[in-house]
Amino acid sequence: MGSSIGANIRRLREERGWSQARLAREVCRAAQVTGEPVGRQEISRWETGKRTPREWLPFLAAALGVPLEALREPQKPAEPPLPTLADFLPEEDPLEPLSGRTGRRIGMGTVDELQQRVHGLRLADDVLAGGDLIRPALRDLRRAVKLYRENTYTSEVGRQLLRQIGELAQIAGWIASDAGQYEEAESIYRLGISAARQAEDLTLAGNLAGSLAYQMSNTGREAEGLTLAQTAFRDSEAEAPPKARALYLDRVAWAHTKAGGTENGQQAMRALGEAGQALSEDSEGTESPAYLYWVDAGELRVMESRVYTELHRPLRAVPLLRDVLSEYDATHTREMALYLSWLAVALADANEPEEAAAVTERVISLGSDTPSERVAERVRVILSRLQEYADVPEVAAILAEHQAA
């Protein structure tokens, strides 16, 4: 207990920029005593845990302007900082094989193991948020790069290793973006684009570039996002299977939507139509990369409803979102919270504040234990939108609760 009190005293003192002598004077002033019964050395003894303040504790709290319990609270261990790509990769070109490779000879079995790990990360991302997954994702990316740089293999195995590095970079970039680490995500995506292009896999390169474009569109870089989304589609269109074309066109639609303006809105609707047409060309005999397992008609409806919401067309958005949410897997907490957030905004646009407030409550509840910056940002968007209805009791209660929290 004494060490916790000492650590709290020091932390609170340093937060105020006070010296130990200044705190000693403030304690004496709070106790309304003359002379200096408490001096700098006594403060030092309290902070190091050599002595416990005991009877001086209330005056310390008063001097520091905090409740008494704030001094008694055990110190919570500091959260370790999120890792960065630089923590996991060499300073030089991470995709340059070492000239004197001393590793073992590896074959397709190693590539298969890596591929299984990549797919496992994707499945984990369906139910866990970026803050939970960024460390294992970057560790796996480091391992893949080390395998490529330090070992020997045939040219085909080397190409497949590059492909797996690209796939790992796509999911790791997505995870980093979900954790709010946007600069890191961009570095990871660019590493993946380089690997995919060296592997001559234009479909994978398009997926990585489209993922980066999506992040740009959502983080205030709308013009760059639109240009990159269009480029990603054009560069990969010729060899991309139907599911890939549908996904890339979905991102083009979203990029147009975020860019704003009537013409972009029309272009967004056109891209959505083309995405649906592309998906209709998919069949059982069509081969698609494993990372497109989640692209289906339901996902296209989600994007369509989001575009309608962003374009303030709630009569189109609300039925679509309700339809999607009625069939959605409730174990995918983050996605459920995100999709509900679009429904809340659409309901507000439809002048249904009471229902919007009820949906918002669900979003906040789902997001409370989800370390996802995407969800946190959507909560901020909804609450901002609901300010217009602050005089509606249900909305006022949500706003007051959030402000108190």
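**Exercise 1.** In this predicted model, decide whether Glu200 is buried or exposed, and then describe its backbone and its place in the chain.

*Solution.* Start with the surface: Glu200 has a relative accessible area of 61%. The cut-off for exposed is over 50%, so Glu200 counts as exposed. Next, look at the backbone: phi of Glu200 is near 60°, a positive value in a residue other than glycine. Finally, find its place: Glu200 sits in the loop between α10 (182-198) and α11 (202-218).

**Exercise 2.** Now try Arg54: what is the sign of its phi, and where does the residue lie?

*Solution.* Arg54 is not a glycine, yet its phi is positive, at about 50°. The residue belongs to the loop that runs between α3 (40-48) and α4 (57-64). For the surface, its relative accessible area is 62%, so Arg54 is exposed.

**Exercise 3.** Work out how helix α12 (residues 222-236) and helix α13 (residues 242-259) are arranged, and say which residues meet.

*Solution.* First take the geometry: the two helices pack at an angle of about 160°, and their axes are 9 Å apart. Angles over 145 degrees count as roughly antiparallel, so α12 is roughly antiparallel to α13. The crossing of α12 past α13 is left-handed.

Then list the contacts. On the α12 side they include Leu226, Ala229 and Phe233; on the α13 side, Tyr248, Leu249 and Val252 are among them. Sorted by class, this contact has 8 nonpolar, 4 polar and 4 charged residues.

Definitions and conventions. Residues are numbered from 1 along each chain as its sequence is written. This is a predicted model: local features need pLDDT of at least 70, side-chain atom pairs count only at pLDDT 80 or more; totals for chains, interfaces and linings use all residues. Side-chain values use heavy atoms; hydrogens and water are left out. Helices (H or I, at least four residues) and strands (E, at least two) are DSSP runs, numbered from the N terminus. Buried means under 20% relative accessible area, exposed over 50%, partly exposed in between (1.4 Å probe, protein chains only). Axes are lines fitted to C-alpha atoms, for helices over the stretch in contact, and angles run from 0 to 180 degrees between N-to-C directions. Angles under 35 degrees count as roughly parallel, over 145 as roughly antiparallel, 65 to 115 as roughly perpendicular and the rest as oblique. A crossing is left-handed if the near helix is turned anticlockwise from the far one by less than a right angle, and right-handed if clockwise. Contact means heavy atoms within 4.5 Å. Ala, Val, Leu, Ile, Met, Phe, Trp, Tyr, Cys and Pro count as nonpolar, Asp, Glu, Lys and Arg as charged, and the others, Gly among them, as polar.
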